[in-house]
Amino acid sequence: MRVIGLDYGSKTVGVALSDPLGLTAQGLETITRKDENKLRKTYARIESLIREYDVEKIVLGYPKNMNDTEGERVQKTLAFKEALERRTGLEIILWDERMSTVASERILMEGHVRREDRKTYIDKMAAVFILQGYLDYLSFSAEKRQNEPMDEAGTGSDGD
């Protein structure tokens with residue numbers, strides 16, 4: 001099952017893709033647009049990537065503020081999510097993206113990428129962090145369930 005990760009911004013969408021086993025995220029591309037509200041080509045490109053890579057699920061960065069409040073960017077992201085769900089019919093998971101851009105910036109700096117070149121990679125890297133966080137969560141959850149002791153009914157200790 002392939003999963004696509006998206007970092008939705010005002011002028012760009014960073015795109016990452018999982019490997020077929022859903023273990024690792026790789027940066028795929030950054031979709032750019034001239035105007036924040038001109039999304040037709042952005043949606044079309046995402047749909048094309050979904051078909052090309054046989055994607056079954058989308059993980060979309062959820063840009064909450066550091067103090068856990070929701071600002072204007074959250075509202076725009078939710079509108080983007082709704083439109084993308086209608087167009088693709090796929091499940092879209094919202095994933096906390098706080099610190100993904102900061103982490104991406106740090107990685108690029110440590111990799112000695114020049115400041116003027118970082119803009120080219122930052123959104124794609126942020127999408128990788130978003131998607132990898134989700135994939136790691138799935139892996140951890142599956143491992144936790146697997147190691148849970150079974151009761152007499154053959155269910156986990158919480159009755160599931």
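## How strands pair

Two strands are said to pair if DSSP finds at least two bridges between them. With that in mind, let's look at this predicted model. Strand S1 (residues 2-8) and strand S4 (residues 55-62) run in the parallel sense and are linked over five bridges, so they pass the cut-off of at least two bridges. Within this pairing, valine 3 has lysine 57 of S4 as its bridge partner.

S1 also has a partner in strand S2 (residues 12-18). Here the pairing is antiparallel, again with five bridges. You can find leucine 6 bridged to valine 15 in S2, while glycine 5 stands opposite alanine 16. A hairpin makes the connection from S1 to S2, using three residues.

## On to strand S3

Next comes strand S3 (25-32). S2 pairs with S3 in the antiparallel sense over seven bridges, and one of the matched pairs is glycine 14 with threonine 30 in S3. These two strands form a hairpin as well, with six residues between them. Look for glycine 22 in that turn: its phi is positive, at about 75°.

## Covered strands

How many of the seven residues of S2 are buried? The count is seven of the seven, so S2 is largely enclosed by the rest of the structure. Try following the directions of its residues: Thr12, Gly14, Ala16 and Ser18 point one way, and Val13, Val15 and Leu17 point the other way. Both groups are buried.

S1 is mostly covered too, with six of its seven residues buried.

## A patch of positive charge

Now turn to the surface, where Lys34, Lys38, Arg40 and Lys41 gather in a patch of positive charge. Lysine 38, one of this group, sits in the loop that lies between S3 and helix H1 (40-53).

Is lysine 38 buried or exposed? Its relative accessible area is 59%, and because exposed means over 50%, lysine 38 counts as exposed.

## A stop at glutamine 75

Finally, visit helix H2 (residues 72-88), the home of glutamine 75. This residue has a relative accessibility of 46% and therefore counts as partly exposed, since that label covers values between the 20% limit for buried and the 50% limit for exposed.

You can also locate glutamine 75 relative to tyrosine 62. The two are 13 residues apart along the chain, and their C-alpha atoms are separated by 9.8 Å.

Definitions and conventions. Residues numbered from 1 in each chain as written. Predicted model: local features only at pLDDT ≥ 70, side-chain atom pairs only at ≥ 80, totals over all residues. Heavy atoms only, no water. Patch = residues over 30% accessible without salt bridge, like charges linked within 9 Å, V, L, I, M, F, W, Y side chains within 5 Å. Areas by Shrake-Rupley, 256 points an atom, 1.4 Å probe, with all protein chains shown as cover. Salt bridge = Lys/Arg side-chain N within 4 Å of Asp/Glu carboxyl O. Lys, Arg positive; Asp, Glu negative; His and termini not counted. Charge placed at Lys NZ, Arg CZ, Asp CG, Glu CD. Helix = DSSP H or I, 4+ residues; strand = E, 2+ residues; numbered from the N terminus. Buried < 20%, exposed > 50% of the residue type's maximum accessible area, 1.4 Å probe, protein only.
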